[in-house]
Amino acid sequence: PSIDGRPPRIPRDFHSRSSVRCELESLQPSTRELLEPHASRYFDTGRRDVLEFGTCIHEMFGLVEWSDNADADEIVRRWKAPAGCSDRIRTDACTQFKYAMGTPAVRHALANPGGAELWREKTFDIVIGNKRISGTFDRVIILKDKRGKPTSANIYDFKSQTGDKAEQHRQQMELYRGALSKILSLDPGRIGLDLIFTRTGEVCRLD
């Protein structure tokens, strides 16, 4: 209604006017979305195994608070494999998780920096410009000043590939950085991007 309580008057040519509604482009910045194959690949057994393996690895790392006091064997014992997960994939994922947790680079990346806020498997949905970005941060460490204002942050993403594949994930990680920058009202230059490759125990920084 208008200010005086009367219904608004609709111009006679309203039906012929161009829409002013902004159509948002929807993005889901995960490698699986950005590198989406032909639809028929959804029925490929090998692809399903890769996605299932990735889910298992992410779930186990999601149980790690800080590597300082994390026991990989205990986490494996506590972790429950998704329904329908094959014994082979479960065994392979557990083996890779324990290997990665035993490497110096991964343990250092997951160590407690002191006084930090930690996000694990945190979902987000945010609009930036004409893009709606939805996704899940695998792991984010946020440092704050005495007033509780974020001063810097680091985004970590787990990959079950090898470090020579780091560059192919840049688009995904830059979208994550843009989203976190807006969520925290933090300069993008204060947000680091690290890829943790669980197969090799490498941690690669994207500058």
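This passage walks through the cores, a pocket, one helix and one buried glutamine of a predicted model. Residues are numbered from 1 along each chain as its sequence is written, and side-chain values use heavy atoms, with hydrogens and water left out. Local features need pLDDT of at least 70 and side-chain atom pairs count only at pLDDT 80 or more, while totals for chains, interfaces and linings use all residues.

Start with the inside. The largest nonpolar core (buried Ala, Val, Leu, Ile, Met, Phe, Trp, Tyr and Cys residues joined through side-chain atoms within 4.5 Å; buried means under 20% relative accessible area with a 1.4 Å probe, protein chains only) holds 27 residues. Those touching the most other members are Met60, Phe61, Val64, Phe97, Met101, Leu110 and Ile196. Helices H2 (45-61), H3 (72-78), H4 and H5, along with strand E4, each supply at least two residues of this core; helices (H or I, at least four residues) and strands (E, at least two) are DSSP runs, numbered from the N terminus. The top contributor is H4, with 6 residues. In general, nonpolar side chains of soluble globular proteins tend to be buried together.

As for Ile196, its contacts (heavy atoms within 4.5 Å) beyond four places in sequence are Val106, Ala109, Leu110, Tyr156, Asp157, Phe158, Lys159, Glu202 and Val203. Apart from the largest core lies another, of 24 residues, among them Ala179, Leu193, Leu195 and Phe197.

Gln96 sits in H4 (residues 87-101). Gln96 counts as buried because its relative accessibility is 12%. Setting aside residues up to four places away in sequence, Gln96 touches Phe53, Ile57, Ser160, Thr198 and Arg199.

Now for helix H6 (residues 170-184). With 15 residues at 1.5 Å each, H6 should span 21 Å (1.5 Å times one less than the number of residues), and its end C-alpha atoms are indeed 21 Å apart. Buried residues in H6 include Met173, Tyr176, Ala179 and Leu180. Right after H6 comes Ser185, with a positive phi near 55°.

Finally, the second largest pocket has about 180 Å³ of space. Its lining has 13 residues, and His108, Ala109, Pro113, Ile141 and Tyr156 are the closest to its centre. (On a 1 Å grid over the protein atoms alone, a pocket is an open set of points where a 1.4 Å probe fits, with protein on both sides within 12 Å along at least five of seven lines; lining residues have an atom within 4 Å of a point.) Helix H5 (104-109) and strands E3 (131-144) and E4 (150-159) each supply at least two lining residues, and E4 gives the most, with 4.

Key: Buried means under 20% relative accessible area, exposed over 50%, partly exposed in between (1.4 Å probe, protein chains only). Grid points are joined across faces, edges and corners, and a volume is the space filled by probe spheres set on the points.
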